[in-house]
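Let's take a walk through this protein together. Have the sequence and the 3D view ready, and follow along at your own pace.

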Amino acid sequence: MLLATSYTNAQVLGNLLDNNLYGARIKLVDEFFERFNGKAMRPDIKADSQDADFKNLLVLFNGEMFKSSQDSTFREAKSFAHKVLQDSVQLNYKDTTWIAKATCHGTFKEKPVDFTLYLNVENRHGRLYKWVIAKAEGNIFRLKPSLEKESIMLMPDDHETNFMSLRRITTEKDDYILNYKQKQFSIDQTSVFYAFVNTGLLNIEYVRGLEFIFFQVPEYKFSISHFERDTYNAGWLISSLERVTDEEKAEFLNYIYNK
């Protein structure tokens, strides 16, 4: 009878711990938004305590970023939390100042490749939104001819033969075409990505890594990633934080939005 009682108590305690871990875990990106915006608290933080909002922001960080309370990264995290509260910063799904960065694994001409896609939220119409691919980055999109020679060109008198040699450029090795472009012509990696997918050369098998990058907090850029572990500090957490200028923010966002 004693053994049965002990087993029951242990089971109840185990269930309670599991429930607390589940409640503390930030399971969805939307849930991260709610905690960041102060609309939801981690269960172990008393909402009526004087510094509840401040603590609620600090526990959004991946705790493994900090070595101690005197760590410079931890001090920066506290400054960040104060800035969020001071400026009443809120995160919204439809913001143009957050970006998804997906590291993709796939096949190009049936060979394994990794590359990066940046995605942003775009308004469809009214209150409807969608995710769109804004940028692609990867070695496979940096086109370069396998052979660069001055002799691979259209001759200066080709106009006299109705440019008959244009036929040659589609019978040579495919990547030789890059020898015929204007010097100032820049090949956009994102356009190459779309072309590869359109022609069936590139397939995406899965997303190997995912992070979301945010610029809403004045003077800061931060990212969140997913951490899978059985602790209160788990799920979608802030994985990096750095100070940036307005010019640096604008430069990155202009790059993403093709401005």
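## A walk that starts at K149

Let's begin in a loop: K149 sits between β3 (128–137) and α5 (189–198). Keep in mind that this is a predicted model. Is K149 buried, exposed or partly exposed? With a relative accessible area of 46%, K149 is partly exposed, as that class runs from 20% to 50%. Now look for N37, which is 112 residues away from K149 along the chain. The C-alpha atoms of these two residues are separated by 58 Å.

K149 also brings us to a pocket. It is among the residues that line the second largest pocket, together with L143, K144, P145, E148, E150, I152, M153, L178, N179, K181 and I187. The volume of this pocket is about 190 Å³. Its lining divides into six nonpolar, one polar and five charged residues.

From here we can move on to the largest pocket, with a volume of about 530 Å³. Which residues lie closest to its centre? Of the 17 that line it, they are K109, L143, D174, D175 and F196. You have already met L143, which is also part of the lining of the second largest pocket. The element that gives the most to the lining of the largest pocket is α5, with three residues. By class, this lining holds nine nonpolar, two polar and six charged residues.

Next comes an enclosed space. The structure holds one cavity of 30 Å³ or more, and the largest cavity has a volume of about 40 Å³. Its lining is made up of A24, I26, R35, R42, V59, L60, Y232 and L237. Six of these residues are nonpolar and two are charged, with no polar ones.

Now step back to the whole protein. Its secondary structure comes to six helices and six strands, and along the sequence they follow the pattern α-α-α-α-β-β-β-α-β-β-β-α. The protein is more spread out than a compact globule, because its radius of gyration is 26 Å, well over the 18 Å that the globule rule gives for 259 residues. The C-alpha atoms fill a box of roughly 100 × 50 × 45 Å along the principal axes.

A few totals round out the picture. Of the 259 residues, 37% count as buried. The protein exposes about 16,700 Å², and carbon and sulfur atoms supply 52% of that area. Among contacts with a separation of 6 or more, 59% come from residues 24 or more positions apart.

Key:
Residues numbered from 1 in each chain as written. Predicted model: local features only at pLDDT ≥ 70, side-chain atom pairs only at ≥ 80, totals over all residues. Heavy atoms only, no water. 1 Å grid on protein atoms, 1.4 Å probe; cavity = no way out; pocket = protein on both sides within 12 Å on 5 of 7 lines; lining within 4 Å. Points joined across faces, edges and corners; volume = space filled by probe spheres on them. Nonpolar A, V, L, I, M, F, W, Y, C, P; charged D, E, K, R; others polar. Helix = DSSP H or I, 4+ residues; strand = E, 2+ residues; numbered from the N terminus. Rg over C-alpha atoms; globule rule 2.2 N^0.38 Å. Buried < 20%, exposed > 50% of the residue type's maximum accessible area, 1.4 Å probe, protein only. Contact = heavy atoms within 4.5 Å. Areas by Shrake-Rupley, 256 points an atom, 1.4 Å probe, with all protein chains shown as cover.
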